[in-house]
Amino acid sequence: MNITLPPMPYALDALEPHVSRRVLAAHHGRHHAAYVAKTRTLIRRTPLESASLEEIVRSSVGRDTALVNASAQAWNHEFYWRSMNPGGGGEARGAIAQLIEESFGSQRAFSQQFVTVAGDQFGSGWAWLVLQDGRLHITATSDAHTPLITTQMPLLTIDLWEHAYYLDYQHRRLDYIAAFLGRLIDWDFVNQHLARRSVRSTNVGSAGN
């Protein structure tokens with residue numbers, strides 16, 4: 001079976017004071033771990049037992065609600081951890097910076113829209129920076145929903161479930177979002193995803209020649 005709980009990409013106290021060790025320990029060790037365990041249980045002795053997490057999410061849509069919820073949450077959390085980095089945040093750099101300017105007009109406009117979309121998400125869910133048809137968009141999904149199962153390419157996400165921030169920020173979700181934007185986003189991770197897209201596009205073009 002390929003599905004296991006991945007280790008955190010940094011120490012549990014690495015994001016302090018913006019996200020505390022207490023929150024990361026519970027979030028990764030309990031919530032994320034529970035989604036992974038549920039996914040493993042549901043795919044045991046099925047054709048999906050040797051599939052990747054992405055394959056499980058995509059193949060379970062419209063077929064198995066429990067499995068798509070568990071596997072999508074496992075995938076979303078893994079993507080969320082990698083969206084952050086100690087000493088991250090601030091203005092984008094590299095290829096993503098140019099796309100932000102083209103899609104939103106300015107980095108300030110991007111940040112304002114991200115805060116609005118994430119702050120207005122009602123209840124549990126996620127906010128995403130995605131790429132579709134060559135342009136960036138900011139979108140929110142409820143519960144376990146993920147752009148992974150759409151035509152959008154996810155580049156960045158923030159977890160808006162209360163367990164992601166309540167112990168540190170209580171009801172102040174906007175403060176958590178501001179900390180994510182200003183201090184935590186891993187722009188190198190975002191640029192790596194853009195580079196993979198370019199490689200895939202090149203391969204497709206080459207195949208058609």
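# Exercises on a predicted model

Trp 75, Phe 79, Tyr 80, Trp 81, Trp 126, Trp 128 and Phe 189 form one aromatic cluster. The model is predicted. Work through the exercises with the structure open.

## Exercise 1: Aromatic pairs

Classify the ring pair Phe 79 and Trp 128, then the pair Phe 114 and Phe 180.

**Solution.**

Step 1. Start with the total. There are 13 aromatic pairs by the rule used here.

Step 2. Take Phe 79 and Trp 128. Their ring centres are 6.1 Å apart, and the planes meet at 40 degrees. Planes under 30 degrees apart count as stacked and over 60 as edge-to-face, with the rest tilted. This pair is tilted.

Step 3. Locate the two rings. Phe 79 sits in helix H3, and Trp 128 sits in strand E1, residues 125–132. The two are 49 residues apart, so the pair links distant parts of the chain.

Step 4. Check burial. Both Phe 79 and Trp 128 are buried.

Step 5. Now take Phe 114 and Phe 180. The ring centres are 6.0 Å apart and the planes are at 15 degrees, so this pair is stacked. Phe 114 belongs to helix H5 (residues 107–120), and Phe 180 to helix H7 (residues 173–184). They are 66 residues apart.

Step 6. Check burial again. Phe 114 is buried because its relative accessible area is 0%. Phe 180 is also at 0%, so it counts as buried.

## Exercise 2: One side of a helix

Which residues of helix H2 are buried, and what covers them?

**Solution.**

Step 1. List the buried residues of H2, residues 53–60. They are Leu 53, Ile 56, Val 57 and Ser 60.

Step 2. Look down the axis. These residues lie on the same side of H2, because they cover an arc of only 95 degrees.

Step 3. Find the cover. It includes helix H1 (21–43) and H3.

Step 4. Describe how H2 and H3 pack. Their axes are 9 Å apart, at an angle of about 140 degrees. The crossing is left-handed.

Step 5. Name the residues that meet. From H2 they include Leu 53, Ile 56 and Val 57. From H3 they include Leu 67, Ala 72 and Trp 75.

Step 6. Look past the end. Gly 62 follows H2, and its phi is positive, near 75 degrees.

## Exercise 3: Two polar side chains

Is Asn 76 buried or exposed? Which residues does Asn 76 touch? Then repeat the work for Gln 107.

**Solution.**

Step 1. Place Asn 76. The residue lies in helix H3, residues 65–82.

Step 2. Apply the cut-off. Buried means under 20% relative accessible area. Asn 76 is at 0%, so it is buried.

Step 3. List its contacts, leaving out residues up to four places away in sequence. Asn 76 touches Trp 126, Trp 128, Ala 144, His 145, Thr 146 and Thr 157.

Step 4. Find its polar partner. The side chains of Asn 76 and Thr 146 make a polar contact of 3.1 Å.

Step 5. Move to Gln 107, in helix H5. Its relative accessibility is 10%, so Gln 107 counts as buried.

Step 6. List its contacts, again without neighbours within four places. They are Glu 91, Ala 92, Ala 97, Ile 100 and Glu 101. A polar atom of the Gln 107 side chain lies 2.7 Å from the backbone nitrogen of Ala 92.

## Exercise 4: A residue before H1

Is Ala 14 buried, partly exposed or exposed?

**Solution.**

Step 1. Place Ala 14. It is in the segment before H1.

Step 2. Read its value. The relative accessible area is 25%, so Ala 14 is partly exposed.

Step 3. Compare sequence with space. Ala 14 and Ala 25 are 11 residues apart in sequence. Their C-alpha atoms are 12 Å apart.

How values were computed:
Residues numbered from 1 in each chain as written. Predicted model: local features only at pLDDT ≥ 70, side-chain atom pairs only at ≥ 80, totals over all residues. Heavy atoms only, no water. Helix = DSSP H or I, 4+ residues; strand = E, 2+ residues; numbered from the N terminus. Buried < 20%, exposed > 50% of the residue type's maximum accessible area, 1.4 Å probe, protein only. Polar contact = N/O pair within 3.5 Å; in protein donor to acceptor, adjacent residues only side chain to side chain. Contact = heavy atoms within 4.5 Å. Phe/Tyr/Trp six-rings, centres within 6.5 Å; stacked < 30°, edge-to-face > 60°. Arc of directions from axis to C-beta. Axes fitted to C-alpha atoms, helices over the stretch in contact; angles between N-to-C directions. Left-handed = near helix turned anticlockwise from the far one by under 90°.
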